[in-house]
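Reader: Got a minute to walk me through this one? I'd like to start with how the helices pack.

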Amino acid sequence: PNRGMRTRLGCLSHKSDSYNDFTAILPDKPNRALKRLSTEEASRWADSFDVLLSHKYGLAAFRAFLKTEFSEENLEFWLACEDFKKTRSAAKVASKAQRIFEEFIDVQAPREVNIDFQTRELTRRNMQEPSLSCFDQAQGKVHSLMEKDSYPRFLRSKIYTDLLSQTQRRLS
């Protein structure tokens, strides 16, 4: 429990007003990534939330934004579900499902996502016989929440506007 707090406090001390340092956002070799990211691609993230999520750098920028808001657990849960649905081994489904449930869904989970009681209970019942679709409802709720709440704020954020202006500056 202490480690999470230290990470959060560490994040606060590094927070700057401008996102000119994209090393935090763009995973591998930020300068090369920034050179490869076109203004057109970055602007397309504003077209739809799913376009943003499907783009490697869009996802990385959105994750960095959520970290500044201390709400990255929603995205981490959504990604865990996407990964979970690709589970090929029937033997691994139950243990992976349990891990996701304990980390994100259970009351007082370390990275508890913001879902309503009914969805939480439905997911709890689904856990009795875990299948690849046992998190579908919860994942859908979290997706909607991010799309309605976090995504519009991301598009107005310093992270996104700075990233866009960086790509445009390269063109001039």
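**Helix packing and a few buried residues**

Author: Sure. Let's start with α6 and α9, which are oblique to each other, because their packing angle is about 140 degrees. Bear in mind that this is a predicted model.

Reader: Okay, which residues do those two helices span, and how far apart are the axes?

Author: Helix α6 covers residues 72-84 and helix α9 covers residues 136-156, with the axes 10 Å apart.

Reader: Left-handed or right-handed crossing?

Author: The crossing of α6 and α9 is left-handed.

Reader: And which residues meet there?

Author: On the α6 side you have N74, L75, F77, W78, C81 and E82. From α9 they're met by A138, Q139, V142, H143, L145 and M146. Sorted by class, the residues of that contact are 8 nonpolar, 3 polar and 1 charged.

Reader: H143 caught my eye. Is it buried or exposed?

Author: H143, which sits in helix α9, is buried, because its relative accessibility is 14% and the cut-off for buried is under 20%.

Reader: What does it touch, leaving out residues up to four places away in sequence?

Author: H143 touches F49, D50, L53 and W78. Take F49: H143 and F49 are 94 residues apart in sequence, with 9.1 Å from C-alpha to C-alpha.

Reader: Switching to α6 for a sec. What's up with E76, buried or exposed?

Author: E76 is part of helix α6, and with a relative accessibility of 18% it counts as buried.

Reader: What does the E76 side chain make a polar contact with?

Author: With the side chain of R63, in a polar contact of 2.8 Å. Leaving out residues up to four places away in sequence, E76 touches R63, F104 and R111.

Reader: F104, okay. Which helix pair has F104 in its contact?

Author: That's α7 with α8: F101, F104 and I105 in α7 meet R120, T123 and R124 in α8. That contact has 3 nonpolar, 1 polar and 2 charged residues.

Reader: How do α7 and α8 run, roughly parallel or roughly antiparallel?

Author: Roughly antiparallel, because they pack at an angle of about 160 degrees and anything over 145 falls in that class. Helix α7 is residues 90-105, helix α8 is residues 117-126, and the axes lie 11 Å apart. As for handedness, α7 passes α8 in a left-handed crossing.

Reader: New topic. Where does S157 lie?

Author: S157 lies in the loop between α9 and α10, the latter being residues 158-171. With a relative accessible area of 9%, S157 is buried.

Reader: What lies 2.6 Å from a polar atom of its side chain?

Author: The backbone oxygen of F154 lies 2.6 Å from a polar atom of the S157 side chain.

Reader: Zooming out, how many helices and strands are there?

Author: The protein has 10 helices and 0 strands, so along the sequence the pattern reads α-α-α-α-α-α-α-α-α-α.

Reader: How much of the protein is buried?

Author: Buried residues make up 39% of the 172 residues.

Reader: Last one: what share of the contacts with a separation of 6 or more comes from residues 24 or more positions apart?

Author: Those residues account for 63% of such contacts in the protein.

Methods: Residues are numbered from 1 along each chain as its sequence is written. This is a predicted model: local features need pLDDT of at least 70, side-chain atom pairs count only at pLDDT 80 or more; totals for chains, interfaces and linings use all residues. Side-chain values use heavy atoms; hydrogens and water are left out. Axes are lines fitted to C-alpha atoms, for helices over the stretch in contact, and angles run from 0 to 180 degrees between N-to-C directions. Helices (H or I, at least four residues) and strands (E, at least two) are DSSP runs, numbered from the N terminus. Angles under 35 degrees count as roughly parallel, over 145 as roughly antiparallel, 65 to 115 as roughly perpendicular and the rest as oblique. A crossing is left-handed if the near helix is turned anticlockwise from the far one by less than a right angle, and right-handed if clockwise. Contact means heavy atoms within 4.5 Å. Ala, Val, Leu, Ile, Met, Phe, Trp, Tyr, Cys and Pro count as nonpolar, Asp, Glu, Lys and Arg as charged, and the others, Gly among them, as polar. Buried means under 20% relative accessible area, exposed over 50%, partly exposed in between (1.4 Å probe, protein chains only). A polar contact is a pair of N or O atoms within 3.5 Å; within protein, one must be able to donate a hydrogen and the other to accept it, and residues adjacent in sequence count only if both atoms are side-chain atoms.
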